[in-house]
Amino acid sequence: MAVHVVPDYAAPLTGWRFWKIRKTTKDGVLWLKSVIRSNLWPPLQRFEVACTNQKGSKAIGTYPESDSPCGIYAYKTSDLALENIGRFCYRGTLLGQVHLWGVIQKHEYGYRAQFAYPVSLAIGICCICKQTINLKSEPFTIGWTYYHFTDDFSVNGMLCKVCNEKYYSLDFAYSYHELEQLANRYRIVIE
């Protein structure tokens, strides 16, 4: 007998979450990537929770239950997200808004949702000094490395102006262009 779960809300909730950027080394395509897990967020498609059952196999299409850690996590506000920068290695990441829907578990600081899609990117976190960078009004660069994870993907590091000038001298205009490419691919805004 199939169990049918009714969504918790009629319209999506908006939360705040961190992402990393991934770049394919073969063709340079940019992706949003989960910070903790290796999941890539598909552009123009909902991101769906992939829970692990008690035997350890993934069960895509399940939903976050109240007594499990399963779900797509988001903070209620950007302030709550920024207060937790040091908690989960958020260096080099992007912070933005995400729409959440389906079954949603509310918690003190945020949500765990069944489905999600990014709405905007607003803040970068410098991978060296952890300074926050307003993506719309402050200079930043994106430094790429090619030795993490697999040969097919590289991992980014957002750099503030001071750390870029001190350690790398990467091109600001090219980094803005890359971030605009990512935003256009996902049809999200840079705030």
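**A buried salt bridge and its surroundings**

Lysine 23 and glutamate 178 are both buried. This description concerns a predicted model, and these two residues offer a convenient point of entry. Their side chains form a salt bridge, with 2.8 Å from N to O. Lysine 23 belongs to strand S1, residues 13-24, while glutamate 178 belongs to helix H3, residues 172-186, so the bridge ties together parts that lie 155 residues apart in sequence. The relative accessible area of lysine 23 is 10%, and because buried means under 20%, this residue counts as buried. The contact between the two side chains also qualifies as a polar contact of 2.8 Å.

The structure holds two salt bridges in total. In the other, the side chains of arginine 46 and glutamate 48 meet at 3.5 Å, N to O. Here the partners are placed otherwise with respect to the surface. Glutamate 48 has a relative accessible area of 23% and is partly exposed; arginine 46, at 42%, is likewise partly exposed.

The chain as a whole may now be considered. It contains three helices and 15 strands, and 45% of its 191 residues are buried. Among contacts in the chain with a separation of 6 or more, 66% are between residues 24 or more positions apart.

Helix H3, which supplies one partner of the first salt bridge, deserves a closer look. H3 comprises 15 residues and spans 22 Å from its first C-alpha to its last, close to the 21 Å expected at 1.5 Å a residue. At its start, a side-chain oxygen of aspartate 171 comes to within 3.0 Å of the backbone nitrogen of tyrosine 174. Just after the helix, arginine 187 adopts a positive phi of about 55 degrees. The buried residues of H3 are Ser175, Glu178, Leu179, Leu182, Ala183 and Tyr186. Viewed down the helix axis, they fall within an arc of 135 degrees, so they line one face of H3.

Two of these residues, Leu179 and Leu182, lead to the nonpolar interior. The largest nonpolar core has 37 residues, and Trp41, Leu179 and Leu182 touch the most other members. Several elements give two or more residues to this core: strands S1, S2 (30-34), S7 (72-75), S8 (94-106), S9 (110-118), S13 (140-145) and S14 (153-160), together with helix H3. Both S1 and H3, the elements joined by the salt bridge of lysine 23 and glutamate 178, are thus among the contributors. The contacts of leucine 179 give an example of the packing: leaving aside residues up to four places away in sequence, this residue touches Ile21, Leu94, Leu121, Leu135, Phe140, Ile142 and Ile190. A second core, separate from the largest, consists of 12 residues, including Leu80, Tyr90, Leu95 and Ala122.

Leucine 82 provides a final stop. This residue is found in helix H1, residues 78-83, and at 25% relative accessibility it counts as partly exposed. Leaving out residues up to four places away in sequence, leucine 82 touches Phe18, Leu95, Ile123, Ile125 and Thr132. One of these, Leu95, is a member of the second core. Another partner, threonine 132, is 50 residues from leucine 82 in sequence, yet their C-alpha atoms are 8.6 Å apart in space.

Note on methods
Residues are numbered from 1 along each chain as its sequence is written. This is a predicted model: local features need pLDDT of at least 70, side-chain atom pairs count only at pLDDT 80 or more; totals for chains, interfaces and linings use all residues. Side-chain values use heavy atoms; hydrogens and water are left out. A salt bridge is a side-chain nitrogen of Lys or Arg within 4 Å of a carboxyl oxygen of Asp or Glu. Helices (H or I, at least four residues) and strands (E, at least two) are DSSP runs, numbered from the N terminus. Buried means under 20% relative accessible area, exposed over 50%, partly exposed in between (1.4 Å probe, protein chains only). A nonpolar core is a set of buried Ala, Val, Leu, Ile, Met, Phe, Trp, Tyr and Cys residues joined through side-chain atoms within 4.5 Å. Contact means heavy atoms within 4.5 Å. The expected span of a helix is 1.5 Å times one less than its number of residues. The arc is that of the directions from the helix axis to the C-beta atoms. A polar contact is a pair of N or O atoms within 3.5 Å; within protein, one must be able to donate a hydrogen and the other to accept it, and residues adjacent in sequence count only if both atoms are side-chain atoms.
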